[in-house]
Amino acid sequence: GVNMERSLLIIKPGFLKYEKQIKNRIKKLGAKITHEKKMVLDDVLITKHYAEHLQKDFFPELKKYMQSGEVLVMCAEREKDGLIADIRKIVGATKNPEKGTIRHDFGIGRITENVIHASDSVMSAERELNIFFPEMFQNAEKTK
Ligand code: CMP
């Protein structure tokens, strides 16, 4: 519907053991996981996904960590708008996530190894989903 919103989520290396618990928290928001794939991120995917961080001093560390093991990439979708904001609330902040958030409850208190990535806006979500699930977009052009 017109209020449908979706978000790109990545459970980061070392945290796939919390897959069930993390998914349960997402599902409690009324969202469903429509696409998912387990993978090791190659240089192309890392560079595209973290394009805005390529020049940051933390990028080399981020890249090395993100390629250190399998990740679980997911698309979460909900018919009611506000999903991206709702997910970011339960994910928690990058720095000092609050008790009760995914990053706090499953995290190990490190800024890079912060359990999960979640899109920060509708625009980022569409951009990121296109990188990991191009098949979601392949009909858009044809139906024009
Ligand atoms: P993520 O939501 O995946 O987006 C960028 C990632 O960079 C962030 O989570 C962290 O894993 C990582 N990172 C490392 N250092 C920093 C920092 N100082 N500020 C923001 N992100 C950082």
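In this predicted model, 20 residues line the largest pocket, and those nearest its centre are Tyr-50, His-53, Thr-94, Asn-114 and His-117. Three elements, α3 (59-66), β4 and α6 (122-132), each give two or more residues to this lining. The volume of the largest pocket is about 470 Å³.

The second largest pocket holds about 170 Å³ of space. Its lining has 13 residues, with Thr-94, Asn-96, Pro-97, Gly-109 and Arg-110 the closest to the centre. Thr-94 is thus named for the largest pocket and again for the second largest pocket.

The table sets out the two linings by residue class.

| Pocket | Nonpolar | Polar | Charged |
|---|---|---|---|
| Largest pocket | five residues | seven residues | eight residues |
| Second largest pocket | three residues | six residues | four residues |

Strand β4, which contributes to the lining of the largest pocket, also belongs to a sheet. That sheet is open and has four strands in the order β2-β3-β1-β4, with antiparallel pairing. Its edges are β2 (32-39) and β4 (116-118), each of which pairs on one side only. On average, neighbouring strands of the sheet are turned by 15 degrees against each other, direction ignored.

Strands of a sheet pair through backbone hydrogen bonds, in either a parallel or an antiparallel arrangement. Here, β2 and β3 (residues 71-78) are joined in the antiparallel sense over seven bridges. Within this part of the sheet, Lys-37 is placed opposite Val-73 of β3.

Methods
Residues numbered from 1 in each chain as written. Predicted model: local features only at pLDDT ≥ 70, side-chain atom pairs only at ≥ 80, totals over all residues. Heavy atoms only, no water. Pairing = 2+ DSSP bridges. Axes fitted to C-alpha atoms, helices over the stretch in contact; angles between N-to-C directions. 1 Å grid on protein atoms, 1.4 Å probe; cavity = no way out; pocket = protein on both sides within 12 Å on 5 of 7 lines; lining within 4 Å. Points joined across faces, edges and corners; volume = space filled by probe spheres on them. Nonpolar A, V, L, I, M, F, W, Y, C, P; charged D, E, K, R; others polar.
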